[in-house]
Amino acid sequence: MDLLVLGPLELWHDQRQHALGSLKERCVLAVLLHARGEPVTVDTLMDRVWDGEPPPTAVDTLHTYLSRLRRRLRRAVGDDLAQVRRHSSRAYQLRADPGDIDLLRFNRLRSQAVAAAGRDREVAVGLLRAAEAQWHGEPLAEFADNSWAQSTRARLAEEHRRVREERIRLEMELGRHADLLGELQELASQNPFAQRVIGSLMLALYRSGRHDEALTVFRDTRTRLHRSQGIEPTAELQQLHLRMLEQDHDLLRTGAAGTDTPPAPAALAVSAAPAESLNCLPRDIPDFVGRSGELRILLAGTGTGTRAGGGREATGGGAGTALPVTVIHGMPGIGKTALAVHAAHQLAPVYPDAQFYVDLRGHSGQQPLDPSDALAVLLHSTGWNGTLPDTSDERATRWREWTARRRALVVLDNARDAAQVTPLLPGSPACRVLVTTRSRLAGLDGAAPLFLDTLSEQEAQFLFTRIVGASRVAAEPENLRRDAAACARHPLALQVLASRFRHRDAWDLRHLLDRLAHAHRPLQEFDSLISAVFRFSYTELREPTQDLLRALALHPGPDLTLPAATALSGPVLAEDAALLERCVEELIDSSLLEETVLGRYRLHDLTRSYAVQVGLDTDAEPVRRAATGRLARHYLTQVHRADRLTHPHRRALPLPSSREAAIAPAFSDGDEASVWLTVERANLTAVARIAAAEHPEYAVLFPRTLARQFKLWGAWDEASELFDAALPMLRASDDRAALARTLTDRADLLAQHNHGAALDCATEALAIYGELHDTHGRADALFQSGRARLAAGQGDTALPVLEEARTLYRAVGDPAGEADVLNVQGAALYYAGKYDEALDKVRRMGTIYESLDDFHGQAQALNNRGEILFDQKRYADARDYYDRSLALMRQHGGRVALATLYTNLGAVHQAMGRTPEALAHFERALAAHRAGGDSLGEADTLIRLGTAYAESGRRGEALGGTRGDSHRQPV
């Protein structure tokens with residue numbers, strides 16, 4: 001058996017490869033393999049598989065993955081060779097022979113080589129070569145966006161590099177200089193600032209009789225260091241150069257007498273490289289060509305004394321104290337991102353501590369990334385495990401503090417303006433920043449601009465040839481030149497055109513040129529030649545595929561699925577699923593649509609812009625409006641069905657039949673519906689906004705349908721925006737029942753944040769329900785009125801209102817509503833210090849939720865019992881109830897409820913003298929409260945966090961953590 005992780009994740013047995021399941025299942029296996037036989041906790045597995053953001057159903061889903069993995073391994077190799085075992089109730093481990101796992105073989109061979117090096121270099125070289133042979137590609141590449149995979153991949157790459165350098169050193173000692181020249185030249189080209197490699201190359205050339213070339217390597221390296229950093233080569237490299245000039249005969253002697261590979265230069269590092277270098281860069285593209293002049297400028301700007309772009313000195317603080325910032329600007333699709341990422345990969349060895357990448361979404365059709373959110377991404381990428389500061393300025397300060405101690409490279413892609421970039425800049429001159437943008441960012445003080453123009457004639461032809469193959473263009477060099485010129489040597493245009501030509505065997509370059517000459521309808525945002533390329537690709541599509549592309553461009557969200565595409569496309573494609581799938585495949589094959597993950601699709605910005613413009617000219621406004629209306633109906637139907645499955649006991653108005661999609665995918669159960677709601681959150685919000693702007697018939701329905709999700713997500717701002725749009729429309733209509741329901745849901749969302757407005761909404765709803773003689777509605781409105789009064793600190797007036805609501809719920813036979821009232825009544829009595837009465841309410845509440853199989857309600861009851869026991873100083877019992885509540889809430893709750901539970905668990909651990917556990921829970925709670933905008937919960941947690949810090953002796957952090965007011969709330 002072979003379990004391979006040093007490359008694509010693979011399982012081989014009896015000369016046959018065996019499937020390892022879905023991407024998430026494979027990630028579970030990868031985490032277990034990289035644990036090297038040690039147990040891995042469930043929390044660690046969830047954190048790494050879901051990249052720090054496990055969904056509420058993560059525990060159950062993880063157990064499903066583990067069960068499937070066990071079955072796959074059993075079918076493939078049997079339990080004797082590989083087995084996933086439960087090490088404890090909360091930990092799992094992979095049991096297999098270390099000799100069957102390439103990662104463990106690599107480590108064993110490396111250790112054996114180290115032991116053998118002092119006795120027998122030849123044996124050590126053989127062992128190191130065997131270790132290198134374990135690699136068969138880039139590890140964990142399939143988990144490109146996973147931060148754990150990124151850091152692990154960077155660490156493994158560093159281990160691979162060290163093995164290779166050690167093997168080269170030993171072979172140098174064995175006198176194999178000529179054999180190593182090619183490999184050393186390749187390494188030096190990849191790492192032009194790696195002076196250890198440079199020294200080995202010089203020595204190999206010198207010992208091979210190529211003295212002039214050895215000296216030239218030194219001169220080139222010295223010039224490069226002067227231009228980039230204003231420094232001399234290391235003393236070791238200068239000494240080697242001097243000995244070569246003096247023709248020191250000792251240099252020709254091999255062995256371990258100190259004449260071999262010079263040590264790595266200390267001058268290139270601000271601080272020692274971390275054990276696991278942080279690398280968040282996207283992969284380098286295989287078709288990158290040319291840009292030699294721009295690359296020379298970027299690679300020359302790696303020091304602290306000169307700036308990219310002609311070596312202009314930095315402003316504000318002198319040559320040695322200013323941060324080098326290069327702004328790469330140019331038109332869309334010109335290759336700014338490709339150049340920045342390609343340069344960043346080459347600069348990585350010069351900035352060994354970390355390489356960051358952030359897409360600022362400045363010109364993407366999506367909401368530009370707020371600097372505060374971008375700082376959160378950067379801080380989390382550093383491994384920040386505490387609570388993020390609340391304000392953008394505080395986050396920027398923490399970011400500058402982190403980078404001040406390190407040599408880091410930061411790529412800020414697709415920036416909108418200088419205001420978006422400025423807070424993200426490190427303060428240390430030892431760092432480097434590359435910014436890409438469509439504008440010049442003139443307001444970014446001290447930045448060196450680098451304008452990216454079209455490719456040179458030679459580069460454009462080489463790019464085209466590389467994509468289509470040399471055999472297709474060899475006979476027509478003049479037409480190749482003309483085709484490249486017809487595309488204005490624009491990289492994106494060339495790539496689209498070449499990709500199309502590659503799959504048309506009957507075409508020649510002359511035919512392609514004729515087709516380009518007859519293409520027209522330029523894209524207004526870009527130059528006419530790019531439009532010609534898009535028009536060319538568009539006209540090659542079949543008519544249904546053209547219709548689909550124009551429809552997809554109307555989707556306002558970041559991505560979409562086939563059902564959403566069906567809704568947009570209209571009746572023809574909706575009635576023929578096979579045709580729709582063929583059209584989607586045609587768009588993917590034409591490089592006009594990207595399948596980012598299985599079953600989810602995204603349009604490139606330029607493609608969307610082109611398709612929107614064509615749609616404006618092709619489709620009448622009622623046609624486009626009908627498409628977005630169908631999309632709104634699709635999402636509204638889906639979210640309504642998902643809401644009914646995830647909250648089956650909650651009262652909800654049915655959708656009007658005219659607003660419900662005739663065909664929409666069904667959910668198998670509440671778990672599937674919950675996952676769908678989480679995944680589609682950005683699309684749901686975007687479509688609801690489109691409805692608010694263009695489709696009032698759906699705008700009035702989205703807020704009340706999404707109300708429970710907004711509460712779980714803590715999405716107060718989005719909810720407020722949509723409710724504010726819907727309520728005036730409902731007041732102008734004659735649908736009083738819908739108005740009352742929407743007001744009730746609005747009160748529910750406002751109760752904890754604006755109790756005055758919540759009370760107004762509940763009061764208005766109560767009056768309408770009275771007019772309608774709707775007893776159930778009156779119960780809902782009274783319940784929300786009681787919640788609002790309690791939140792305002794009016795417990796005495798809240799209790800009779802809540803009791804009236806409970807009486808009405810019992811009259812209409814709504815046990816879930818009665819349990820909700822008991823929950824809030826218990827909280828009111830708890831705040832009043834009437835613990836026995838509160839406990840009675842909570843027990844009755846829990847009994848009802850158990851009879852309804854309402855796990856979220858059960859979690860609420862368990863938490864509230866824990867709070868009462870806590871105030872009675874029964875800490876062990878309270879912790880038990882909190883733990884039981886947390887187990888349920890992780891699967892069935894939202895961020896806000898989890899935050900409250902983390903706060904409560906922190907409090908009970910602190911009371912039991914377990915300060916480290918208390919701090920960990922408080923920090924989780926604070927992050928969740930801030931993300932959800934819950935200022936009351938945040939204040940309570942800050943006070944508790946400050947107290948815990950003080951008890952642990954961290955007085956400075958305690959003073960910073962106690963600014964706020966305390967107020968306890970039920971889950």
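Y830 counts as buried, at 7% relative accessibility. The model is predicted, and this briefing covers its aromatic pairs and the charged side chains placed over rings. The count of aromatic pairs comes to 10. Among them is the pair of W399 and W402, which is stacked.

**W399, W402 and F356**

- The ring centres of W399 and W402 are 6.4 Å apart, with 5 degrees between the planes.
- The planes of W399 and W402 are 5 degrees apart, and this pair counts as stacked because the cut-off for stacking is under 30 degrees.
- W399 and W402 belong to helix 14, which covers residues 392-404.
- Because W399 and W402 are three residues apart in helix 14, about one helical turn separates them.
- Both W399 and W402 are buried.
- F356 joins W399 and W402 in one aromatic cluster.

**Y830 and Y831**

- Y830 and Y831 form an aromatic pair that is tilted, with 5.6 Å from centre to centre and 50 degrees between the planes.
- Y831 has a relative accessible area of 33% and is therefore partly exposed.
- Y830, with a relative accessibility of 7%, is buried, whereas Y831 is partly exposed.

**Charged side chains over rings**

- R504 lies over the face of W507, and the distance from the ring centre is 5.7 Å.
- R659 has its charged end over the ring of Y698, at 5.8 Å from the centre of that ring.

Definitions and conventions:
Residues numbered from 1 in each chain as written. Predicted model: local features only at pLDDT ≥ 70, side-chain atom pairs only at ≥ 80, totals over all residues. Heavy atoms only, no water. Phe/Tyr/Trp six-rings, centres within 6.5 Å; stacked < 30°, edge-to-face > 60°. Helix = DSSP H or I, 4+ residues; strand = E, 2+ residues; numbered from the N terminus. Buried < 20%, exposed > 50% of the residue type's maximum accessible area, 1.4 Å probe, protein only. Lys NZ or Arg CZ within 6 Å of the ring centre and 35° of its normal.
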